[in-house]
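Got your viewer open and a hand on the mouse? Let's take a walk through this one together, one selection at a time.

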Amino acid sequence: MEKEKDYLLQISDLTVQYNTDDAVVHSVNNFNLNLVRGEARGLVGETGAGKTTTALSILRLLPAKVGEIVKGSINYNGEDLLTLPEAEMLPLRGKKISMIFQDPMTSLNPTHTVGAQIHEVLDLHFPEMSRAEKDKRVDEMMTLVGIPPERKDSYPHEFSGGMKQRIVIAMALVAEPELLLADEPTTALDVTIQAQILELMKQLKEKFNTSVLLITHDLGVVAQFCDSVSVVYAGQVVEFGPVEEVFKRKENHPYTAGLFNCIPDLNDQQPRLHPIPGRMANPRVLHEGCCFADRCEYACDRCRKEKPAMHVSGEHGIMCHRYEDKEVF
Ligand code: SF4
């Protein structure tokens with residue numbers, strides 16, 4: 001009998017909208033995802049696909065009044081985070097589930113030393129710890145992320161972008177969370193620093209056995225860091241599976257295939273890249289049929305009228321009418 005999976009996080013049918021003055025923006029639409037304990041999952045898709053909104057929904061940090069979770073559930077360790085009282089969310093945020101925000105330049109408070117900002121996490125979540133123990137932990141964490149502890153009394157402006165991101169990672173991991181939401185952690189950094197930060201995150205993930213949801217638009221980052229990937233388009237997962245399988249398949253979802261085609265190939269002498277035609281689906285409009293129909297070269301009448309189902313085979317799933325017949329896999 002197949003061993004039952006130990007899911008840390010299960011997102012089912014999550015639907016999130018932003019209610020602005022002039023329109024309702026449908027940011028996340030019937031989003032589903034299962035994350036096994038210890039797994040690193042990449043959430044990949046274009047800007048505006050709803051990846052960050054999904055992460056903010058997990059922490060219940062959507063902007064007040066504007067952001068609204070319309071339906072769905074987010075089960076974390078078997079408990080629905082969406083029904084927990086706010087008082088029970090507070091000890092989870094930063095301790096059990098923490099987040100690395102996209103831009104290290106704006107994630108740190110410029111008026112506090114970096115040591116004090118790492119210390120603050122321990123003050124909030126480990127009040128029983130002595131001052132000396134916390135100091136020791138801050139020093140250890142700074143060493144782990146490759147910054148000499150003697151620099152803990154420096155301010156964020158005294159560090160480079162890569163070093164700031166290391167401090168943000170130290171803050172996110174000092175409480176040894178079970179789940180790390182990393183929102184484009186390397187986007188603001190240059191390529192060599194990107195590689196260092198990904199390597200550091202990999203080492204720390206192994207050390208603390210942290211599960212990771214890595215938000216990115218870069219399939220290269222997914223290949224380097226993740227065990228599995230969910231491809232997100234217009235607030236929905238359109239394809240998911242183990243990284244190896246998704247990357248090596250002969251046939252992917254047309255959107256995933258389009259993302260692969262956008263990657264420059266040094267051996268290919270073609271003068272132009274192959275971008276996905278058209279624009280992201282308008283999030284103010286709910287689509288009757290497939291959300292990718294306006295940009296898909298295979299779109300037919302049925303695609304425009306009827307939403308495709310998720311066709312799952314083993315650990316891989318694809319949301320497209322063309323894959324209804326399992327033999328196509
Ligand atoms: Fe393209 Fe139709 Fe598949 Fe959507 S359902 S991805 S429009 S072929």
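What follows is a list of stops, each with something to select and something to look at.

**Before we set off**

This is a predicted model, in which local features need pLDDT of at least 70, side-chain atom pairs count only at pLDDT 80 or more, and totals for chains, interfaces and linings use all residues. Residues are numbered from 1 along each chain as its sequence is written, and side-chain values use heavy atoms, with hydrogens and water left out.

**Stop 1: the four-stranded sheet**

Select β1, β2, β4 and β5. Helices here are DSSP runs of H or I with at least four residues, strands are runs of E with at least two, and both are numbered from the N terminus. You should see an open sheet with the order β2-β1-β4-β5 and antiparallel pairing; two strands pair if DSSP finds at least two bridges between them. Which strands sit at the edges? They are β2 (24–36) and β5 (79–80), each pairing on one side only.

Now zoom in on β1 (residues 7–19). Toward β2, nine bridges join the antiparallel pair, and the two strands form a hairpin with four residues between them. Click Tyr-7 and you'll find Val-36 of β2 standing opposite.

Toward β4 (residues 67–76), β1 pairs in the antiparallel sense over eight bridges. Two pairs to click here: Val-16 stands opposite Ile-69, and Ser-12 has Ser-73 as its bridge partner.

Next, add α1 (residues 51–58). This helix packs on the sheet and touches β1, β2 and β4, where contact means heavy atoms within 4.5 Å. The direction of α1 makes about 115° with that of β1; the axes are lines fitted to C-alpha atoms, for helices over the stretch in contact, and angles run from 0 to 180 degrees between N-to-C directions.

**Stop 2: helix α4**

Select residues 114–125. What should the twelve residues of α4 span, at 1.5 Å a residue? The expected value is 16 Å, and the end C-alpha atoms are 18 Å apart, which agrees. The expected span is 1.5 Å times one less than the number of residues.

Color Val-114, Gly-115, Gln-117, Ile-118, His-119, Val-121, Leu-122 and His-125: these residues of α4 are buried. Buried means under 20% relative accessible area, exposed means over 50%, and partly exposed is in between (1.4 Å probe, protein chains only). As you turn the helix, remember that an α-helix has 3.6 residues a turn, so residues three or four places apart point the same way. Show α5 (131–144) and α6 (161–173) too, since they are among what covers the buried residues of α4.

**Stop 3: strand β10 and its partners**

Jump to residues 236–242. Five of the seven residues in β10 are buried. On one hand, β10 pairs with β9 (residues 228–233) in the antiparallel sense over six bridges, with Val-237 as the bridge partner of Val-232. On the other hand, β10 pairs with β12 (residues 316–319), again antiparallel, over two bridges; click Phe-240 to find its partner Gly-317.

Now select Gln-236, in β10. Is Gln-236 buried or exposed? At 11% relative accessibility, it counts as buried. Leaving aside neighbours within four places in sequence, Gln-236 is in contact with Asn-29, Val-231, Cys-291 and Met-319.

**Stop 4: two positive phi angles**

Start at the β9–β10 hairpin, which has two residues between its strands. Ala-234 in the turn has a positive phi of about 50° and is buried, with a relative accessible area of 15%.

Then select Asn-209, in the loop between α7 and β8 (211–216). Asn-209 has a positive phi of about 50° although it is not a glycine, and at 51% relative accessibility it counts as exposed.

**Last stop: around the ligand**

Show the ligand and the residues near it, meaning those with a heavy atom within 4 Å. Which residues surround the ligand? Look for His-253, Pro-254, Cys-290, Ala-293, Cys-296, Tyr-298, Ala-299, Cys-303, Pro-308, Cys-320, His-321 and Arg-322. Color them by type and this shell divides into nine nonpolar, two polar and one charged. For that count, Ala, Val, Leu, Ile, Met, Phe, Trp, Tyr, Cys and Pro are nonpolar, Asp, Glu, Lys and Arg are charged, and the others, Gly among them, are polar.
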